[in-house]
Amino acid sequence: LKLVEYASHTCSHCADFAAEAAAPMEAYIASGRVSYEIRNQIHDGLDLAIAVLARCGGDPAGFHPLTKQAWASFGEIIQTAQANGPAVEAAMQSTGPQRLQRVAESAGLVDFFAARGIARDQAMQCLANEQTAQTIVERSNEQSERLGVTGTPTFFLNGARVDGTSWEG
């Protein structure tokens with residue numbers, strides 16, 4: 001079985017699904033019965049900064065663990081971003097390669113990912129790579145449009161859309 005999840009890092013329902021599904025999904029994946037893929041649906045600059053940083057380790061196998069840790073800390077991440085709201089908003093309005101750096105700095109994401117093995121210099125380099133960010137956004141937009149993904153989480157099992165946003169569903 002191939003399960004594809006379209007998810008946003010700023011989606012509370014996606015964070016809920018990650019928490020609910022963690023143990024059972026690990027068992028299904030470990031057994032070889034299910035392959036699981038997360039595809040980003042980008043909603044804003046904060047979401048994009050997290051998506052870039054989750055890929056920053058250089059090892060594709062690190063993406064899922066970093067993504068899970070971001071969703072496990074969803075409340076903390078959103079609370080920090082809201083506490084620094086004016087700075088985050090100003091950063092999101094900026095342009096150029098420093099935009100995502102400013103977003104990540106003001107939202108506390110650089111420190112969050114540093115605590116998970118992505119050094120500050122490495123994070124800043126990844127965030128300044130406009131090509132990576134553009135590729136993520138373009139892929140998100142193309143896939144969402146082609147498949148009619150308008151919200152997150154949205155699931156496809158063996159290519160067929162699945163109703164529901166919870167593990168139970």
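This section describes helix packing, internal and open spaces, and backbone exceptions in a predicted model.

Two packed helices are described by the angle between their axes and the distance between the axes. Helix α6, which spans residues 98-106, takes part in the three helix pairs considered here, with α8, with α5 and with α2.

Helix α8 covers residues 120-128, and its axis lies 7 Å from that of α6, at an angle of about 135°. That angle makes α6 oblique to α8. The crossing of these two helices is right-handed. On the α6 side the contact is formed by Leu100, Gln101, Ala104 and Glu105, and on the α8 side by Arg120, Met124, Leu127 and Ala128. By class, the residues of this contact comprise five nonpolar, one polar and two charged.

The partner of α6 in the second pair is helix α5 (residues 85-93); the two axes come within 8 Å and cross at roughly 170°. Because of this angle, α5 is roughly antiparallel to α6. Ala87, Val88, Ala91 and Met92 are the residues of α5 that meet α6, where Arg99, Arg102, Val103 and Ser106 are their counterparts. The contact of α5 with α6 contains five nonpolar residues, one polar residue and two charged residues.

In the third pair, helix α2 (residues 45-54) crosses α6 at roughly 95°, and the axes come within 9 Å. An angle from 65 to 115 degrees counts as roughly perpendicular, and α2 and α6 are therefore roughly perpendicular to each other. Helix α2 contributes Gly45, Leu46, Leu48, Ala49, Val52 and Leu53 to the contact, while α6 contributes Arg99, Leu100, Val103 and Ala104. Eight of the residues in the contact of α2 with α6 are nonpolar, one is polar and one is charged.

Several residues of α6 recur in these contacts. Leu100 and Ala104 belong to the contact with α8 and also to the contact with α2. Arg99 and Val103 meet α5 and also take part in the contact with α2.

Rolling a probe the size of a water molecule over the atoms shows where empty space is left. The structure holds one cavity of 30 Å³ or more. The largest cavity contains about 130 Å³ of space. Its lining is made of 13 residues, and those nearest the centre of the cavity are Phe17, Ala18, Ala21, Tyr36 and Lys68. Helix α1 (12-31), strand β2 (35-40) and helix α3 (63-72) each supply at least two residues of this lining. Of these elements, α1 gives the most, with eight residues. The lining of the largest cavity includes ten nonpolar and three charged residues, and no polar ones.

The largest pocket holds about 270 Å³ of space. It is lined by 16 residues, of which Leu3, Phe17, Met25, Leu157 and Trp167 are the closest to the centre of the pocket. At least two lining residues come from each of α1 and β3. Helix α1 accounts for the largest share of the pocket lining, three residues. The classes represented in the lining of the largest pocket are ten nonpolar, four polar and two charged residues. Helix α1 thus gives the most to the lining of the largest cavity and has the largest share in that of the largest pocket. Phe17 is listed among the residues nearest the centre of the cavity and among those closest to the centre of the pocket.

Most residues other than glycine have a negative phi, and most peptide bonds are trans. Two sites in the model depart from these patterns. The peptide bond from Thr152 to Pro153 is cis, and its omega is near -10°. Pro153 is located in the loop between α9 (130-147) and β3 (154-157). Asn158 is not a glycine, yet has a positive phi of about 50°. This residue is placed in the loop between β3 and β4 (160-162).

Technical notes
Residues numbered from 1 in each chain as written. Predicted model: local features only at pLDDT ≥ 70, side-chain atom pairs only at ≥ 80, totals over all residues. Heavy atoms only, no water. Axes fitted to C-alpha atoms, helices over the stretch in contact; angles between N-to-C directions. Helix = DSSP H or I, 4+ residues; strand = E, 2+ residues; numbered from the N terminus. Parallel < 35°, antiparallel > 145°, perpendicular 65-115°, else oblique. Left-handed = near helix turned anticlockwise from the far one by under 90°. Contact = heavy atoms within 4.5 Å. Nonpolar A, V, L, I, M, F, W, Y, C, P; charged D, E, K, R; others polar. 1 Å grid on protein atoms, 1.4 Å probe; cavity = no way out; pocket = protein on both sides within 12 Å on 5 of 7 lines; lining within 4 Å. Points joined across faces, edges and corners; volume = space filled by probe spheres on them.
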